Amino acid sequence: MRLALEQARRAEGHGDVPVGAVVLAPDGALLAAAGNERELTDDPTAHAEVLALRRAATELGSWRLAGCTLVVTLEPCTMCAGALVLARISTLVFGAYDPKAGAVASLFDVVRDPRLNHRVDVRGGILAQECGTLLRDFFLAR
């Protein structure tokens, strides 16, 4: 989570909402890292999770990220939760819960929906206070 927080702070540095994500290989090695880049790239899909998944897939040479873990500072939205399922991520670890847009625990549970062909193991609330404070401070400054 500390690596994801580092990515979040980098995103904040270029005016993006400070969310960071990393993808770990099955052996725990770092495959990819990213922070939000929506403002930087004018791309509405440039969420940290999506960018990290893309980079990890490139690194592995496969879109199937089975056995991999995504660590992100904020509970994923519906787009990102769907991307985790489609990428076959095995484990999601997230920091702060998102009561307004969270699609893993707060509003929906996309990644564990039994109607889908893949389900993700979830661990939430990891360094939640630190992750949440970073986001609150960002929005208070705005």
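How many of the five residues of β1 are buried? Four of them are, so the strand is largely enclosed by the rest of the structure. Bear in mind that this is a predicted model.

**The sheet**

Let's start with the strand layout. There are five strands here, forming an open sheet with mixed pairing, and the order runs β2-β1-β3-β4-β5. The edges belong to β2 and β5 (121-123), each of which pairs on one side only. From one strand to the next, the twist averages 15°. As a reminder, strands of a sheet pair through backbone hydrogen bonds, in either a parallel or an antiparallel sense.

Three of the pairings can be set side by side:

| Strands | Sense | Bridges | A facing pair |
|---|---|---|---|
| β1 and β2 | antiparallel | five bridges | alanine 21 opposite alanine 34 in β2 |
| β1 and β3 | antiparallel | four bridges | valine 22 with valine 71 in β3 |
| β4 and β5 | parallel | three bridges | leucine 92 opposite valine 122 in β5 |

The hairpin of β1 and β2 has five residues between the strands, and if you're checking backbone torsions, glycine 28 in that hairpin takes a positive phi near 90°.

**Helices on the sheet**

Two helices are worth a look. Helix α3 (residues 48-60) lies across β1 (20-24), β2 and β3 (69-74), and it runs at about 150° to β2. Helix α5 (residues 128-141) also packs on the sheet, where it touches β3 and β4. The direction of α5 makes about 60° with that of β4.

**Asparagine 36**

Next comes a polar residue in a loop. Asparagine 36 is found between β2 (30-35) and α2 (38-41). Is asparagine 36 buried or exposed? The relative accessible area of asparagine 36 is 6%, and buried means under 20%, so this residue counts as buried.

What does the side chain of asparagine 36 reach at 2.8 Å? The partner there is the backbone nitrogen of alanine 48. A polar atom of the asparagine 36 side chain also lies 3.1 Å from the backbone oxygen of valine 17. Setting aside neighbours within four places in sequence, asparagine 36 is in contact with Ala11, His14, Asp16, Val17, Val19, Ala46, His47 and Ala48. Valine 17 and alanine 48 thus turn up among these contacts too.

**Threonine 91**

Over in strand β4 (residues 91-96) sits threonine 91. With the cut-off for buried at under 20%, the 12% relative accessibility of threonine 91 makes this residue buried as well. Which residues is threonine 91 in contact with, leaving aside neighbours within four places in sequence? The list is Cys68, Thr69, Leu70, Val120, Asp121 and Arg123.

**The largest pocket**

Finally, the open space. About 500 Å³ lies in the largest pocket. Of the 20 residues lining this pocket, those closest to its centre are Val17, Leu74, Asp98, Leu135 and Phe139. Which element gives the most to the lining? That would be α5, with four residues. Recall that α5 is the helix touching β3 and β4, while Val17 is the residue whose backbone oxygen lies 3.1 Å from a side-chain polar atom of asparagine 36.

Key:
Residues numbered from 1 in each chain as written. Predicted model: local features only at pLDDT ≥ 70, side-chain atom pairs only at ≥ 80, totals over all residues. Heavy atoms only, no water. Buried < 20%, exposed > 50% of the residue type's maximum accessible area, 1.4 Å probe, protein only. Polar contact = N/O pair within 3.5 Å; in protein donor to acceptor, adjacent residues only side chain to side chain. Contact = heavy atoms within 4.5 Å. Pairing = 2+ DSSP bridges. Axes fitted to C-alpha atoms, helices over the stretch in contact; angles between N-to-C directions. 1 Å grid on protein atoms, 1.4 Å probe; cavity = no way out; pocket = protein on both sides within 12 Å on 5 of 7 lines; lining within 4 Å. Points joined across faces, edges and corners; volume = space filled by probe spheres on them.
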